[in-house]
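Welcome, and take a moment to look over the structure below. We will start at one residue and then walk outward to the rest of the chain.

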Amino acid sequence: MGRYNSELMPAELVCFNPSCRTRYPITGVIYNCPRCGALLEAVYPPAPDPGQLKKLWRERRMSNTPLDQSGVWRYREFIPFLESTDVVVSLREGNTPVLNAPKAAAYGGLKRLAFKHQGFNPTGSFKDNGMTCGVSQGVRLGMKRVACVSTGNTSASMAAYASAAGLDPIIFIPHGNISYGKLAQALEYGARTLQVEANFDQILALVRTLAERTGIYLLNSMNPFRIEGQTTIMVELMDQRDWRPPDWVVLPGGNLGNTSAFGKGLRQMLEIGLIERSPRLAVIQAEGSAPFYNLMQTETRDTLTAVKHPETLATAIRIGDPVSWPKALHEVVSSGGVVEKVTEQEIADAKAVIGACGVGCEPASAATLAGIRKLTAAGVIDREADVVAVLTGNVLKDPDYIYRYHTGQLKAPNGTRIRPAFGNQPQVVPNDPERIEALLAANIRES
Ligand code: F0G
């Protein structure tokens, strides 16, 4: 689909460690700095004029070409790591709406609140924004097999994009700890699916070893190209808001790839001059899987202590040893952001409130609203603030959780029953119009 106009200085991979900063070719099959082991980040030659970019990107919304219709590749000048876009594998990812939700705003203690809903992606989560880039880079590098460990969404996304590209997807998931919706997607999209009897963090170590031994291309979020794709979530958000940044962007934190990506995207937009100030990032973790929150409470913040047995019903963020924490720490601190943690009960009720707005999301995503409620109560987020929360996954990802919540059967990992403050029980009724009419009338009087 054509060449970029960036031949003067090539894109490169740079070590994220400030005292190393070694540079590597963009075509290296590396995930960490071979010198010091730190994470890598893609860097680019200076971008064109921001005014021109805004105009070009807006014009592309009228275009029917697949590349322009993608909410990632529409912004391709922002992520110019490919020599040619001929290798791009797109399922029309991105293009996710920003939805106002007054009921959720009130619940969160805010005057207004908007959700950027990444669950509108082709496989139902924000992972598609990153995966289109990771898989396209895999094609460019001539890879045949790709792999990831996942709490469910990465694997669903990788399975779809790899199969669309004609690559062989192999996924590793913690046995018994991902939702059926996500597992079903991986099977349907044709991925070889290995359920390992270990948790996410343990399986990641295993998959890294396997990738090294077998030359399989790894598509977890330490893959810098996944992060590149996810930076465009922030670009699209700013474009949708006519380049007026909100005061806060709130997101759930698991392996912390998304936090890293949002921070990088915002930094890069500031550098180019696309925005004039950065929103503050607020990252929300589940109480039983909150190593990043714990790190932020320490004085030096120089070592993350892994949570050995992470627990939460929000299985997407059930991660105790997040690989991207050094990047995420940098991004949160440099945006003037915060990290908060929330309980299972708080996540469950916030999720039902988001549902009752007609929006809906999966459990991990609802940590955002639960976190907002806590942060406004503590006076960290002002009631008048302009806040965007990013809902990371679709409501249908975990229907089992929903049914249990509304019928009062949901139990936290420690066995405590979740009390459904916003429960909505289905009712069994006889096949009798009079009795149904009476029942409905009673309901109307009650409400
Ligand atoms: N929300 C959802 C729905 C997720 O699936 C994930 C991560 C996160 C939030 C956290 O994002 O890891 O970038 O901090 N899911 C990964 C997976 C780990 O394997 O699907 P993060």
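Our starting point in this predicted model is Arg92, which is partly exposed because its relative accessible area is 46%, a value that falls between the 20% limit for buried and the 50% limit for exposed. You will find Arg92 in the loop between α2 (66-69) and β4 (98-100). Its backbone deserves a look too: phi of Arg92 is near 60°, a positive value in a residue other than glycine. To put that in context, most residues other than glycine have a negative phi.

Another arginine makes a good companion. Arg301 has a positive phi of about 55°, although it is not a glycine. Look for Arg301 in the loop between α10 (291-297) and α11 (325-334). With a relative accessibility of 31%, Arg301 counts as partly exposed.

Now let us step back to the whole chain. How many helices and strands does the chain have? There are 15 helices and 13 strands. The radius of gyration of the chain is 22 Å, close to the 22 Å that the globule rule gives for 447 residues, so the chain is as compact as a globular protein of that length. Along the principal axes, the C-alpha atoms fill a box of roughly 75 × 50 × 50 Å. Of the 447 residues, 57% are buried. If you take the contacts between residues at least 6 apart in sequence, 69% of them join residues at least 24 apart.

The surface and the charges add to this picture. The accessible surface of the chain comes to about 19100 Å², and 51% of it belongs to carbon and sulfur atoms. The chain carries 47 positive and 43 negative charges, and the mean positions of these two groups are 1 Å apart.

Next, follow the strands inward. Strand β13 (residues 387-391) is mostly covered, with five of its five residues buried. Val387, Ala389 and Leu391 point one way from β13, while Val388 and Val390 point the other way. Which strands pair with β13? One of them is β5 (residues 113-117), which runs parallel to β13 and is joined to it by five bridges. Within that pairing, Lys116 has Val390 as its bridge partner. Strand β10 (residues 248-252) also pairs with β13 in the parallel sense, here over three bridges, and Trp248 stands opposite Val387.

Strand β5 holds a residue worth a closer visit, His117. Is His117 buried or exposed? Its relative accessibility is 2%, so His117 counts as buried. Leaving aside neighbours within four places in sequence, the contacts of His117 include Thr96, Pro97, Val359, Cys361 and Asn394. Leu391, which we met in β13, is also among the contacts of His117.

Elsewhere, an open sheet of four strands has the order β8-β7-β6-β9, with parallel pairing. Its edge strands are β8 (192-196) and β9 (217-218), each pairing on one side only. Between β6 (residues 145-149) and β7 (residues 168-174) there are five bridges, and Arg145 has Asp168 as its bridge partner in β7.

Our last stop is β12 (residues 338-342). Four of the five residues of β12 are buried, so this strand is largely enclosed by the rest of the structure. Five bridges connect β12 with β11 (residues 280-286), and the two run parallel. Look for Ile284, which stands opposite Glu340 in β12.

Definitions and conventions. Residues numbered from 1 in each chain as written. Predicted model: local features only at pLDDT ≥ 70, side-chain atom pairs only at ≥ 80, totals over all residues. Heavy atoms only, no water. Buried < 20%, exposed > 50% of the residue type's maximum accessible area, 1.4 Å probe, protein only. Pairing = 2+ DSSP bridges. Rg over C-alpha atoms; globule rule 2.2 N^0.38 Å. Contact = heavy atoms within 4.5 Å. Areas by Shrake-Rupley, 256 points an atom, 1.4 Å probe, with all protein chains shown as cover. Lys, Arg positive; Asp, Glu negative; His and termini not counted. Charge placed at Lys NZ, Arg CZ, Asp CG, Glu CD.
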